[in-house]
Amino acid sequence: MYLKKRATIILTLLFCFLLQGQTDLVTGVDFIGNKKTKSSALLKVIRTKVNGKFDETQVEQDKKRLIRIPAVADVQYKIEKHDKGYNIFFTITENFTLIPGANVYTTDEDEFAFRVSLFEFNLFGNNITAGGWYQRDIYDSYGASFRAPFLFNNRLGLALNYSNLTTQEPVFLDNGTAQYKYNNTSYEVLGLYQFNFFNRIELGVNYFNEDYLYRSGATAPDVPTDFNVDKLLYKLIYEYNNLSFDFQFVSGFKSLLNFQYVQSTDGVLPSFIIGWNDFFYYRRVSSKGNWASRLRMGLATNDDSPFAPFAVDNNINVRGVGNTIDRGTGVIVLNTEYRHTLYEKDWFVLQSNVFLDAGSWRNPKGDFSDFTNSDNFRIYPGAGIRFIHKKIFNAIFRIDYGYGVSKDATNGFVFGIGQYF
């Protein structure tokens with residue numbers, strides 16, 4: 001009798017345990033409002049799975065994952081509990097994702113350059129980015145890209161890039177500055193892997209050819225006027241991302257490490273290592289403000305070469321400074337700005353910003369004291385305006401004017417699509 005009673009208690013406990021386990025299961029995941037994006041593509045993005053264990057913290061992270069992809073402007077979710085478990089409903093507000101792009105910049109030295117592009121950020125409704133660009137910066141350039149971060153599963157993807165870039169590049173010699181026509185033709189393949197919500201990696205190789213042709217300016221006996229070299233670039237990118245998005249507002253921290261080894265076949269442009277880390281910090285300020293900052297710190301092999309890899313450039317790091325006005329083997333740049341929403345109604349936002357771009361560079365074959373040398377400082381405060389469409393991915397038309405206050409400073413406008421950083 002005692003054994004029978006004991007067995008009944010054990011069976012009852014097991015039944016309750018199994019019943020409890022069943023009620024903790026996800027029995028359904030549904031998407032509402034996604035007209036272009038396939039539900040199968042959205043399922044690849046999230047970690048919550050049907051017949052998996054229900055975790056509301058995971059569902060909240062999945063909401064943030066979905067907002068990060070270009071196809072999605074906003075996400076809300078609803079959880080319905082029933083006898084067998086939980087049904088989860090994600091309501092999707094989609095972005096328009098066929099996006100033209102334009103970047104234009106000028107300086108007070110009558111310099112003018114632009115880049116236009118057309119990219120589809122949700123090709124075939126599968127969260128694939130594909131498109132191309134054209135640039136005019138004295139010479140013509142063009143390129144194309146393909147990026148599918150969830151091509152194989154919700155962690156593993158692939159990226160392919162091609163570019164044919166031709167520019168006029170200043171080369172800084174001891175006796176003056178030379179102007180070279182520079183061409184870089186490159187082919188790149190990258191594997192993409194996401195470890196978890198916060199961490200991802202890119203690993204790949206880039207084969208490219210560099211061609212320098214002397215045009216004008218100073219010369220030096222040890223610097224050729226025409227040379228062509230093939231190179232292999234091995235690339236590692238590691239990202240930690242804990243950003244949260246609410247349309248034009250961003251908050252949180254992100255760190256992006258880019259490490260490269262460039263193998264050269266020519267002694268004029270020797271093999272070198274280069275690495276830099278971008279630290280991003282965003283903070284909401286009251287209901288209409290957003291403080292945004294980017295700090296870049298980088299070093300490269302400290303060769304005594306006029307073709308040093310880090311450039312001081314108007315459209316990359318210091319607004320208003322001009323097109324590649326200096327080079328170095330190390331860099332420290334801080335971009336910080338306050339963004340304020342002046343007007344917002346329905347899909348449209350008018351946003352202003354005031355900024356400070358400041359940086360310093362290590363000279364080729366120099367030392368770390370170069371960073372504190374006033375000749376290497378570039379300080380550019382400025383202001384700008386943003387026109388934002390909330391339902392089109394990256395539809396932010398920006399105009400910035402940078403005014404140099406450091407030695408030999410210039411002034412200039414920078415026009416572009418998307419926030420500067």
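This briefing covers strand pairing, one helix-sheet contact, a surface patch and the surroundings of one serine. The model is predicted. An open sheet of three strands is ordered β1-β3-β2, and β17, β18 and β19 are linked by antiparallel pairing, β17 to β18 and β18 to β19. A nonpolar patch of about 580 Å² lies on the surface.

**Three-stranded open sheet**
- The sheet with the order β1-β3-β2 has mixed pairing.
- Strands β1 (26-32) and β2 (72-82) are at the edges with a single partner strand each, so one side of each has no neighbour in the sheet.
- On average, neighbouring strands of this sheet are turned by 15 degrees against each other, direction ignored.
- Helix α3 (residues 56-68) packs on the sheet and touches β1, β2 and β3. The direction of α3 makes about 160 degrees with that of β2.
- β1 and β3 (residues 85-94) run parallel and are joined by six bridges.
- Within this pairing, D30 has F89 in β3 as its bridge partner.

**Strands β17, β18 and β19**
- Strands of a sheet pair through backbone hydrogen bonds, in either a parallel or an antiparallel arrangement.
- β17 (residues 330-345) and β18 (residues 348-362) run antiparallel, with 15 bridges between them.
- N335 stands opposite D357 in β18.
- The hairpin of β17 and β18 has two residues between the strands, and D346 there takes a positive phi near 55 degrees.
- β18 also pairs with β19 (residues 378-389), in the antiparallel sense and over 12 bridges.
- F355 stands opposite G382 in β19.

**Nonpolar surface patch**
- The patch is made by L356, F377, I379, Y401, Y403, V405 and F413.
- F413 belongs to strand β21 (residues 411-417).
- F413 counts as partly exposed because its relative accessibility is 37%, and that class lies between the limits of 20% and 50%.

**Surroundings of S244**
- S244 is part of strand β11 (residues 226-246).
- With a relative accessibility of 25%, S244 counts as partly exposed.
- Leaving out residues up to four places away in sequence, S244 touches K64, F249, V250 and S251.
- S244 and Y282 are separated by 38 residues in sequence, and their C-alpha atoms are 9.3 Å apart in space.

Technical notes: Residues are numbered from 1 along each chain as its sequence is written. This is a predicted model: local features need pLDDT of at least 70, side-chain atom pairs count only at pLDDT 80 or more; totals for chains, interfaces and linings use all residues. Side-chain values use heavy atoms; hydrogens and water are left out. Patches are made of residues with over 30% relative accessible area and no salt bridge: like charges are joined within 9 Å, nonpolar side chains (Val, Leu, Ile, Met, Phe, Trp, Tyr) within 5 Å. Accessible areas come from the Shrake-Rupley method with a 1.4 Å probe; for residues, only the protein chains shown count as cover. A salt bridge is a side-chain nitrogen of Lys or Arg within 4 Å of a carboxyl oxygen of Asp or Glu. Helices (H or I, at least four residues) and strands (E, at least two) are DSSP runs, numbered from the N terminus. Buried means under 20% relative accessible area, exposed over 50%, partly exposed in between (1.4 Å probe, protein chains only). Contact means heavy atoms within 4.5 Å. Two strands pair if DSSP finds at least two bridges between them. Axes are lines fitted to C-alpha atoms, for helices over the stretch in contact, and angles run from 0 to 180 degrees between N-to-C directions.
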